[in-house]
Amino acid sequence: MENTSAEKKYNIWIAVLSIAIPVVVAVLFSVKLSDFGIHVKPFSFLPPIYAGINGLTAVLLVTAVFAIKNGNRALHERLMKTAIACSVAFLGMYVAYHSSAESTNFGDTNHDQILSEVEIQAVGFVRYVYYFILLTHIALSVIIIPFVLLTYVRAISNNFARHKALAKITFPMWLYVAVTGVIIYLMISPYYAS
């Protein structure tokens with residue numbers, strides 16, 4: 001018989017974190033260090049680092065799935081803990097960057113470049129693709145929080161059948177968020193202010 005009471009003690013924390021993290025990120029996203037009299041240059045070195053962390057998270061997730069399919073539970077556990085740590089590091093860097101810099105708009109051509117009509121139309125089409133990826137990425141990055149936490153709690157509570165069932169839903173969503181994080185960075189990087 002599986003022990004669901006062990007995971008129930010975490011449910012309040014999962015609910016609190018699932019609400020608090022997106023709310024705090026939204027608030028911190030709109031707060032700039034300059035609002036507090038702290039004037040710093042934008043932390044422009046962070047976006048490629050946190051995009052790399054997203055890429056590393058994707059590799060960790062896929063490797064962890066192969067590890068568990070090959071019966072290596074210890075490696076799977078280490079990889080998943082590392083993937084969670086990477087996601088937390090990403091979140092911290094993402095908030096730090098946006099607290100020091102204004103948002104960058106896709107297709108922003110304020111870099112004194114003159115675009116041809118064809119280039120403008122291409123940017124217009126790609127903009128739709130970019131915003132589709134961005135919006136699905138943002139939505140799933142909020143939705144994934146309770147899934148990751150609950151999947152993790154089921155594992156540490158030794159409820160492996162329930163862990164496996166939920167992991168089949170969590171894995172593709174988390175992988176999508178990690179991979180699209182890299183794609184978003186690559187698509188928006190030409191428009192970052194120098």
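Okay, let's start with helix 2, residues 11-30: 20 residues, and from its first C-alpha to its last it reaches 29 Å, close to the 28 Å expected at 1.5 Å a residue. Before I go on, keep in mind that this is a predicted model.

Staying on helix 2 for a moment, which of its residues are buried? They are Ile14, Ser18 and Val25. As a reminder on helices in general, there are 3.6 residues a turn, so positions three or four apart point the same way.

Take Ser18, which sits in helix 2. Ser18 counts as buried because its relative accessibility is 14%, and the cut-off for that label is under 20%. Ser18 also has a partner from far along the chain: Pro146 is 128 residues away in sequence, yet the two C-alpha atoms are 5.4 Å apart in space.

Ile14 has a story like that too. Its C-alpha is separated by 6.2 Å from that of Leu149, with the two positions 135 residues apart along the chain. Leu149 belongs to helix 5, and at 24% relative accessibility Leu149 counts as partly exposed.

One more from helix 2, and that's Ala26. Ala26 has a relative accessible area of 48%, so the label here is partly exposed; the exposed label needs over 50%. Ala26 and Val95 are 69 residues apart in sequence, and C-alpha to C-alpha they are 9.1 Å apart.

Right, zooming out. What does the whole fold look like, in terms of helices and strands? We have six helices and zero strands, so to speak an α-α-α-α-α-α pattern when you read along the sequence. The protein has 194 residues, and 34% of them are buried.

Now the inside. The largest nonpolar core has 24 residues, and the members that touch the most others are Tyr50, Leu61 and Trp174. Who supplies that core? At least two residues each come from helix 3 (46-69), helix 4 (73-100), helix 5 (117-156) and helix 6. Helix 3 gives the largest share, with eight residues. Then there's a second core, separate from that one, with seven residues; among them are Tyr130, Ile184, Ile188 and Tyr191.

On to packing. For two packed helices, people quote the angle between the axes and the distance between them. Helix 3 and helix 4 have their axes 8 Å apart, at an angle of about 160 degrees. That makes helix 3 and helix 4 roughly antiparallel to each other, since the label applies to angles over 145. The crossing of helix 3 and helix 4 is left-handed.

There's a residue pair to look at here as well. Ala89, in helix 4, has its C-alpha 7.9 Å from that of Ile53, and the two are 36 residues apart in sequence. Ala89 is partly exposed because its relative accessibility is 32%.

And helix 4 with helix 6? Their axes are 15 Å apart, and they pack at an angle of about 45 degrees. So helix 4 and helix 6 are oblique to each other. The crossing of helix 4 and helix 6 is left-handed.

Before I get to helix 6 itself, a quick stop at the loop that leads into it. Asn158 lies in that loop, between helix 5 and helix 6. Most residues other than glycine have a negative phi. Asn158 is not a glycine, yet its phi is positive, at about 60 degrees.

Last item, helix 6, residues 160-188. Why does its end-to-end distance agree with what you'd expect? It has 29 residues, and at 1.5 Å a residue these should span 42 Å; the end C-alpha atoms are 40 Å apart, which agrees. Where does helix 6 bend? The bend is at Ala167, by about 35 degrees.

So, to pull it together: six helices with zero strands, a largest nonpolar core of 24 residues, and a second, separate core of seven. If you have the structure open, Tyr50, Leu61 and Trp174 are the core residues to click on for the most contacts with other members, and Ala167 is where to look for the bend in helix 6. That's what I have; happy to take questions.

How values were computed:
Residues numbered from 1 in each chain as written. Predicted model: local features only at pLDDT ≥ 70, side-chain atom pairs only at ≥ 80, totals over all residues. Heavy atoms only, no water. Helix = DSSP H or I, 4+ residues; strand = E, 2+ residues; numbered from the N terminus. Expected span 1.5 Å × (residues − 1). Bend = angle between axes of the 7 residues up to and from the residue. Core = buried A, V, L, I, M, F, W, Y, C linked by side-chain atoms within 4.5 Å. Buried < 20%, exposed > 50% of the residue type's maximum accessible area, 1.4 Å probe, protein only. Axes fitted to C-alpha atoms, helices over the stretch in contact; angles between N-to-C directions. Parallel < 35°, antiparallel > 145°, perpendicular 65-115°, else oblique. Left-handed = near helix turned anticlockwise from the far one by under 90°.
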